[in-house]
Amino acid sequence: MPDPATPCGADNRKEILVRVKGLKKHFPILRGLIWQRQVGAVKAVDDVSFDIRRGETLGVVGESGCGKSTTGRAILQLQRPSAGKIFLGDQELTALGEPELRKLRPRMQMIFQDSYDSLNPRQSVGQIIAEPMVIHGDQNRTLSRQHMRNRVAELLDLVGLNPNHISRFSHEFSGGQRQRINIARALSLNPEFIVCDEPISALDVSIQAQVVNLFKDLQRRLGLTYLFIAHDLSMVQHISDRVAVMYLGRIMELADRDELFDAPLHPYTQCLMSAVPIPDPKKERNRRRITLTGEVPSPAHPPRGCVFHTRCPLAEDICSDKTPAYREILPDHFAACHFADDKGGSRIQEP
Amino acid sequence: MSTILSVRDLTLRFHTFDGVVHALNGISFDVQAGETLAIVGESGSGKSVTMMSLLHLLPMPPARIARGEALFYTNGTPTDLLKMSRADMHRVRGAQIGYIFQDALSALNPVMTVGRQIGESLVMHLGMDAETARKRAIDLLDDVGIPGARARYRNYPHQFSGGMRQRAMIAIAIACNPRMVIADEPTTALDVTVQAQIVELAKRIQRERGMTVVWITHDLGVVAGIADRVLVMYAGCPVEIAPVDDLYDHPQHPYTRGLLSALPRLDDRSRRDLASIQGAPPDMMASPRHCQFAWRCPYVFDRCWKAVPPYYPAGKGHATQCFYDLENGRPRTDA
């Protein structure tokens, strides 16, 4: 299904697997003990739209509290959105009830950041990985015990764990191995789409590289589509085909990876990139940093107008009055900034 | 440059119910006055334990220092930090050596205003009266970049944001103008834009006050921007120490080399797979009888399994604990 909003490039002919339109997730702020009344809302995700193409990795980056995890959860309907539509293929997930949604769950899975908390300590690895098959198995009733055991062993092998460890418990594994168990469980139903919510943030550098390589390898072999959520810009840059930068519940910029990092249009993207240290002392010494002042405002009281205007080096009067439209500035390159244009109007002059 | 701290053969163990954890296995390094030494390593490598043990910040037991010394020089006279009495240590901590902790929220006292926590060490170490300490604390808050310092003096830690709490921690650490500041992963819990602010602040304060800084971190990106020299630790062993440029250009230990090539870089657009280090860090229950990296090392050969490698010089100010000469691609030939 070609997207009418984007012109046809070589990549654009790719089929769209997940479509997010005007997604909002607001959490109510309640006051009072018994008669609770709503006194406000935390706008965790506020009007976010994007597509994910089949077989690609869409990276989502942002600082803590920017709504990147909530977006991932809302797409999978783990938290029902407050507004907006989400499509998986041609199915509108937001219109489905729990029973229908459950039938679709095998197609979409999630990998969580905390590999300790997301594995049941009383279940063996075999039980953990087989559980999705047990739950969803009655759809085709073909899974015998032996079949399932073989499948678990195959999955363990696929994620680089020893299939003989099938009856071990999660505490017997290291952090990186536990994340591999999580991946095996997510893969057990042959999903098309996986939301990876900071899957490597808790791991040490040398282990991170192993797990990232595993993600890329699995994508090549199984044709998976990822929504890869992380706060580490370098890692997102490494793994993604396209990248969305979020700030206070909104997408500030979305573009092809190379374009986003080589020619960012949004001032926030430029500031974020400038803040990331590069592991090269000579480059670090000669770098001119655009240092942002202050911290991310509370999403319960986001600034009026452009949410970034309180910290933006380019901010002018219009920024505090009018919310900039999230629009396509260059082909396939979206940004939400009043000054963004194809002539570099939003480039920050380096100090 | 004169040496301010000289640690020799520091060996520390934790005696737990499950057995003895060999947390530090013969750590030796010097810190020069005015420099920034970065201690890098993954979790459990012993980087924090090293510095905490010097200031008696570890509960003993279970921690026990098996051997070693840590000479802290004052006007050329050394004192062994490890042998200091409680009372003497009290006079060193905060006054001579400041400490910035990773988790500012749990390091700060939640029921005491931030201002008083800063003033506390001024009263204790410098004998200031309450009013002078208050004025000085406000100056310090201002100096570490907290807007509205006068009003903020009366705030409690929970009223501060993460970045501001870390700034307050820095204010406490530098309050008495210590000669050395230990920064223990001060930016790890922070967002990247706030991390950049804190790093800039730390650099500015060091420049202005000429402090010696020991910066503990696992982030090789941050190290590249702040350090003069780097000590790389692995499983309680100091595997490599080098000037920062030398370390990144010519890492002489397979672990350092692996770590550097396992990092994705923002300035690298290639889609090559990251060179990962296979396996996981070793179990530290056993006393090391050979190189602790041998299990994961791509250059391992029979000698690596027979003895713990000593420091081999590998250039100016550069030393590595490895039997394999990475530069020349062959095992070292000494006896």
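**Two chains, asked and answered**

Student: What makes N75(B) noteworthy in the hairpin of β4(B) and β5(B), and how many residues lie between the strands?

Tutor: Two residues separate the strands of this hairpin, and N75(B) has a positive phi, near 50°. The model is predicted: local features need pLDDT of at least 70, side-chain atom pairs count only at pLDDT 80 or more, and totals for chains, interfaces and linings use all residues. Residues are numbered from 1 along each chain as its sequence is written, chains are lettered from A and ligands numbered from 1 in the order in which they are written, and side-chain values use heavy atoms, with hydrogens and water left out.

Student: How do you know that β4 (residues 63–74) and β5 (residues 77–80) of chain B pair?

Tutor: Strands (E, at least two residues) and helices (H or I, at least four) are DSSP runs, numbered from the N terminus. Two strands pair if DSSP finds at least two bridges between them. Four bridges join β4(B) to β5(B), so the pair meets that rule. The two strands run antiparallel, and F72(B) has T79(B) as its bridge partner in β5(B).

Student: What makes β1 (residues 3–16) and β2(B) of chain B a pair as well?

Tutor: Ten bridges join them, and they run antiparallel, so the rule for pairing is met here too. Two residues lie between β1(B) and β2(B), which form a hairpin. One partnership is that of L5(B) with V31(B) in β2(B).

Student: Why is β2 (residues 19–32) of chain B called mostly covered?

Tutor: A residue is buried under 20% relative accessible area, exposed over 50%, and partly exposed in between (1.4 Å probe, protein chains only). Ten of the 14 residues of β2(B) are buried, hence the description.

Student: How do you know that D30(B) and R8(B) form a salt bridge?

Tutor: A salt bridge is a side-chain nitrogen of Lys or Arg within 4 Å of a carboxyl oxygen of Asp or Glu. The closest N and O atoms of D30(B) and R8(B) are 3.0 Å apart, so the pair qualifies. Because D30(B) lies in β2(B) and R8(B) in β1(B), the pair ties together parts that are 22 residues apart in sequence. D30(B) has a relative accessible area of 23% and is therefore partly exposed, and R8(B), at 32%, is also partly exposed.

Student: What makes E198(A) and K68(A) a salt bridge, and are they buried or exposed?

Tutor: Their closest N and O atoms are 3.6 Å apart, so the distance rule is met. E198(A) lies in the loop between β7 (193–197) and α6 of chain A and K68(A) in α1(A), so the pair ties together parts that are 130 residues apart in sequence. Both E198(A) and K68(A) are buried. Over all chains, the count comes to 34 salt bridges.

Student: Why is α1 (residues 68–75) of chain A called mostly covered?

Tutor: Six of the eight residues of α1(A) are buried, namely K68(A), T70(A), T71(A), G72(A), A74(A) and I75(A). After α1(A) comes Q77(A), whose phi is positive, near 65°.

Student: How do you know that K25(A) has no salt bridge?

Tutor: Lys and Arg count as positive and Asp and Glu as negative; His and the chain ends are not counted. The nearest side chain of opposite charge to K25(A), E98(A), is 11 Å away, so the 4 Å rule is not met. K25(A) is nevertheless buried, and lies in strand β1 (residues 16–31) of chain A. Contact means heavy atoms within 4.5 Å; the residues that K25(A) touches, beyond four places in sequence, include V42(A), V45(A), T70(A) and R80(A).

Student: What makes a set of residues a nonpolar core, and which members of the largest one touch the most others?

Tutor: A nonpolar core is a set of buried Ala, Val, Leu, Ile, Met, Phe, Trp, Tyr and Cys residues joined through side-chain atoms within 4.5 Å. The largest has 102 residues, of which I183(A), L187(A), F215(A), F308(A) and V230(B) touch the most other members. Its largest share, eight residues, comes from helix α6 (residues 205–222) of chain A. Apart from this core lies another, of 39 residues, among them A104(B), I118(B), Y153(B) and I205(B).

Student: Over which residues of chain A is the pLDDT below 50?

Tutor: pLDDT is the predictor's confidence in each residue, from 0 to 100. Chain A has a mean of 86, and 94% of its residues reach 70 or more. Over residues 1–11 of chain A, however, pLDDT is below 50, and this stretch has 14 contacts in the model beyond near neighbours in sequence.
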